[in-house]
Amino acid sequence: MSKNPKIDTNGNYEGVVYMYFNTITKKSYIGLTDNEENRRKRWKIKNTNSYGGKKITEARKMYGVDDSVWTYSVLEKITDPNHDELNKKLRKAETKWIRELDTVNNGYNSSYGSGMQGLTHNKESR
């Protein structure tokens, strides 16, 4: 997570699960951040390879990062007084949205999110 997480007016850490929707391909990318302003600024840097996985990196190179191609929306806003707990909640919510919208098979997510960290697939899930 970011070095400068956002803190709301109540002193809680604040984060979002967001979606970028490509208006040309009709495919989406879902991500999370604890500093939405900085994450959105990083989106605008077209030639960065550190934004997300391979699929979203290739889509950003191919279609650009212009607002006329990509629409941004917040899927879920989460707050918690504990930064570690906020991160856990964000990862869980990100995985939920990626699965619900199936953005691995029909979008730009390369995995089921950072909520999968430390988990392994069993034979059936492969």
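Is Glu14 buried or exposed? Glu14 is buried, at a relative accessible area of 9%. The points below take up this residue and the rest of the model, which is a predicted one.

1. Overall make-up. Three helices and four strands make up the secondary structure of the protein. Read from the N terminus, the order of elements is β-β-β-α-α-β-α. The protein has 126 residues, and 39% of them count as buried. Among contacts with a separation of 6 or more, 54% are between residues 24 or more positions apart.

2. Glu14 and its partner. The side chain of Glu14 forms a salt bridge with that of Lys6, with an N to O distance of 3.2 Å. The two ends of this pair fall into separate accessibility classes: Glu14 has a relative accessible area of 9% and is buried, whereas Lys6 has 42% and is partly exposed. The cut-off for buried is under 20% relative accessible area, so Glu14 at 9% falls on the buried side. The pair also belongs to a network of salt bridges that links Lys6, Glu14 and Lys77.

3. Other salt bridges. The whole structure contains seven salt bridges. One of them joins Glu76 to Lys96, with 3.0 Å between the closest N and O atoms. This pair links distant parts of the chain, since Glu76 belongs to strand β4 and Lys96 to helix α3, 20 residues apart. Both ends are partly exposed: Glu76 has a relative accessible area of 24%, and Lys96 is at 39%.

4. Lys89 and Asp80. The side chains of these two residues also meet in a salt bridge, at 2.5 Å from N to O. Lys89 is partly exposed at 37% relative accessibility. Asp80, by contrast, is buried, with a relative accessible area of 9%. Asp80 is thus placed in the buried class because the limit is under 20%.

5. Helix α2. This helix spans residues 54–63, and its buried residues include Ile56, Thr57, Ala59 and Arg60. Viewed down the axis of α2, the buried residues occupy an arc of 165°, so they line one face of the helix. Lys54 and Met62, on the other side of α2, are exposed. The cover over the buried residues of α2 includes β3, α1 and β4, the last of these being residues 70–80. Gly64 follows α2 and has a positive phi, near 80°.

6. The largest pocket. How much space lies in the largest pocket? The figure is about 510 Å³. The pocket is lined by 26 residues, and those closest to its centre are Met1, Leu32, Thr33, Arg39 and Arg42. At least two lining residues come from each of β3 (28–33), α1 (36–43) and α3 (83–101). Strand β3 gives the largest share, five residues. Sorted by class, the lining holds 14 polar residues, six nonpolar and six charged. Elements β3 and α1 therefore appear in two settings: they supply residues to this lining, and they are among the elements that cover the buried residues of α2.

7. Strand β1 and Ile7. Ile7 sits in strand β1, which covers residues 6–7. At a relative accessible area of 47%, Ile7 is partly exposed. The exposed class begins over 50%, so Ile7 stays outside that class. Leaving aside residues up to four places away in sequence, Ile7 touches Asn12 and Tyr13. The C-alpha atoms of Ile7 and Asn35 are separated by 8.9 Å, with their positions 28 residues apart along the chain.

8. The segment after α3. Asn105 is found in this segment. Asn105 counts as exposed, at 56% relative accessibility. The class follows because the limit for exposed is over 50%. From C-alpha to C-alpha, Asn105 is 9.9 Å from Lys27, although the two are 78 residues apart in sequence.

Conventions. Residues numbered from 1 in each chain as written. Predicted model: local features only at pLDDT ≥ 70, side-chain atom pairs only at ≥ 80, totals over all residues. Heavy atoms only, no water. 1 Å grid on protein atoms, 1.4 Å probe; cavity = no way out; pocket = protein on both sides within 12 Å on 5 of 7 lines; lining within 4 Å. Points joined across faces, edges and corners; volume = space filled by probe spheres on them. Nonpolar A, V, L, I, M, F, W, Y, C, P; charged D, E, K, R; others polar. Buried < 20%, exposed > 50% of the residue type's maximum accessible area, 1.4 Å probe, protein only. Arc of directions from axis to C-beta. Contact = heavy atoms within 4.5 Å. Salt bridge = Lys/Arg side-chain N within 4 Å of Asp/Glu carboxyl O.
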